[in-house]
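Trainee: Please take one local part of the backbone and go through it closely. Then connect it to the rest of the chain, with the numbers kept in.

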Amino acid sequence: MNVGIELSLGEVAASLVLVAIAAAVSFWRRADLERDIGIAVVRSAIQLIAIGYVIQAIFDEDNLALVVALLAVMVAFGTYTARSRARRVPGALGPIAISLSLAAAVTLGLVLALGIFEPEPRYLVPVGGMVIGNAMTAAAVALNRLGDEMHDRAREIEATLALGATSTQAAEPILRRALRSGTITLVDSTKTTGVIFFPGAMTGMLLAGADPIDAVRLQLILLWTLLGAVALSSLVVTTLAYRRFFTPAHQLREPPAP
């Protein structure tokens with residue numbers, strides 16, 4: 001049985017035919033996505049090639065300090081990206097950074113403590129990247145929902161505060177909905193795994209010639225790890241961010257000027 005898969009640059013270039021189809025569909029339907037598709041293709045190639053060399057260097061050095069440094073850079077970029085999607089949440093940078101850092105530290109710490117993975121770069125780098133990426137998406141979605149609802153339901157919140165409720169009590173229904181928004185996508189995809197689609201890790205292992213049962217076991221570990229990371233990230237970011245909408249006297253702050 002093959003234990004690896006080798007692809008030439010020509011085979012990689014051949015897959016651009018599918019990109020051309022996407023651009024043609026956009027042009028045909030006047031969706032005006034051709035430029036974005038082109039930028040996405042170029043950026044993905046540059047970024048993946050660059051990170052490929054970085055990961056290879058980390059694997060060659062086999063140094064956990066370099067792994068921590070790389071994960072910190074991922075958290076920083078993830079924080080910036082998620083912040084750009086949460087414009088309506090004041091001071092969201094800190095809560096996002098804390099939530100991504102905690103999600104990465106807790107989930108990776110647990111899988112190492114439980115002996116699921118060895119403390120080696122070849123495990124920590126890909127798993128850490130998946131954890132931070134999914135936590136970032138969940139935090140961004142949760143904050144976007146939180147910001148929209150805090151603005152749209154400002155009168156309702158003020159009325160609740162006027163009746164003697166605390167800021168926590170007034171924001172509790174909104175926090176529930178924001179938390180649900182941040183986690184529901186991964187929950188739904190986990191429900192349909194193996195029925196509607198095969199996740200990336202499992203597909204990669206099968207293409208590389210791994211035993212299907214081994215691929216399934218690894219995918220289950222990753223899915224359940226990501227569920228924990230996404231739930232933790234959404235919980236922490238919404239819990240920290242909603243306080244930015246209220247004063248210490250439990251009054252709703254005026255929304256910032258656009």
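Mentor: In this predicted model, the loop between α2 (16-28) and α3 (34-61) contains Arg 30. The point of interest is its backbone: Arg 30 has a positive phi of about 55°, and it is not a glycine. Most residues other than glycine have a negative phi. The relative accessible area of Arg 30 is 76%, so this residue counts as exposed.

A second residue belongs beside it. His 250, also not a glycine, has a positive phi of about 65°. His 250 sits in the segment after α10. Its relative accessibility is 36%, which means that His 250 is classed as partly exposed.

From the loop that holds Arg 30, the chain runs into α3, which spans residues 34-61. Phe 59 belongs to this helix. With a relative accessible area of 33%, Phe 59 is partly exposed. Beyond four places in sequence, Phe 59 touches Pro 121, Arg 122 and Val 125. By contrast, Phe 59 and Arg 180 lie 37 Å apart from C-alpha to C-alpha, with their positions 121 residues apart in sequence.

After α3 comes another loop, the one between α3 and α4, and Asn 63 is found there. Asn 63 is partly exposed at a relative accessible area of 34%. Outside the four-place window, Asn 63 touches Ile 58 and Pro 121. Pro 121 is thus also on the list of residues that Phe 59 touches. Asn 63 and Arg 85 are 22 residues apart in sequence, and their C-alpha atoms are 34 Å apart.

Next, the interior. The largest nonpolar core has 48 residues, and the members that touch the most others are Leu 143, Leu 146, Met 150, Ile 157 and Phe 246. Two or more residues each come from α4 (64-84), α5 (93-113), α6 (121-152), α7 (154-162), α8 (167-192) and α10 (212-241). The largest contribution is that of α6, with 14 residues. Met 150 gives a sample of the packing: beyond four places in sequence, Met 150 touches Ile 157, Ile 174, Phe 245, Phe 246 and Leu 252.

Helix α10 includes Thr 238. Thr 238 has a relative accessible area of 2%, so this residue is buried. Its contacts outside the four-place window are Ala 142, Leu 146, Leu 175 and Ala 178. One of these, Leu 146, is also among the members with the most contacts in the core.

What aromatic pairs does the whole structure contain? The search finds two. In the stacked pair, Phe 117 and Tyr 123 lie 5.6 Å centre to centre with 25° between the planes. Phe 117 is buried at a relative accessible area of 9%, while Tyr 123 is partly exposed at 23%. In the edge-to-face pair, Tyr 242 and Phe 246 are 6.2 Å apart between centres, with planes at 70°. Tyr 242 is buried at 2% relative accessible area, and Phe 246 is buried at 4% relative accessibility. Phe 246 therefore appears in three places: as a buried residue, as a partner of Tyr 242, and as one of the core members with the most contacts.

That leaves the frame around these details. The protein chain has 10 helices and zero strands. Its C-alpha atoms fill a box of roughly 70 × 55 × 35 Å along the principal axes. Of the contacts with a separation of 6 or more, 73% are between residues 24 or more positions apart. Buried residues account for 30% of the 258 residues. The accessible surface is about 15,700 Å², and carbon and sulfur atoms supply 65% of this area. There are 20 positive and 20 negative side chains, with 12 Å between the centres of the two sets.

To return to the starting loop: Arg 30 combines a positive phi of about 55° with an exposed position at 76% relative accessible area.

How values were computed
Residues are numbered from 1 along each chain as its sequence is written. This is a predicted model: local features need pLDDT of at least 70, side-chain atom pairs count only at pLDDT 80 or more; totals for chains, interfaces and linings use all residues. Side-chain values use heavy atoms; hydrogens and water are left out. A nonpolar core is a set of buried Ala, Val, Leu, Ile, Met, Phe, Trp, Tyr and Cys residues joined through side-chain atoms within 4.5 Å. Buried means under 20% relative accessible area, exposed over 50%, partly exposed in between (1.4 Å probe, protein chains only). Helices (H or I, at least four residues) and strands (E, at least two) are DSSP runs, numbered from the N terminus. Contact means heavy atoms within 4.5 Å. Accessible areas come from the Shrake-Rupley method with a 1.4 Å probe; for residues, only the protein chains shown count as cover. Lys and Arg count as positive and Asp and Glu as negative; His and the chain ends are not counted. The place of a charge is taken as NZ of Lys, CZ of Arg, CG of Asp or CD of Glu. Rings of Phe, Tyr and Trp (its six-membered ring) pair if their centres lie within 6.5 Å; planes under 30 degrees apart count as stacked, over 60 as edge-to-face and the rest as tilted.
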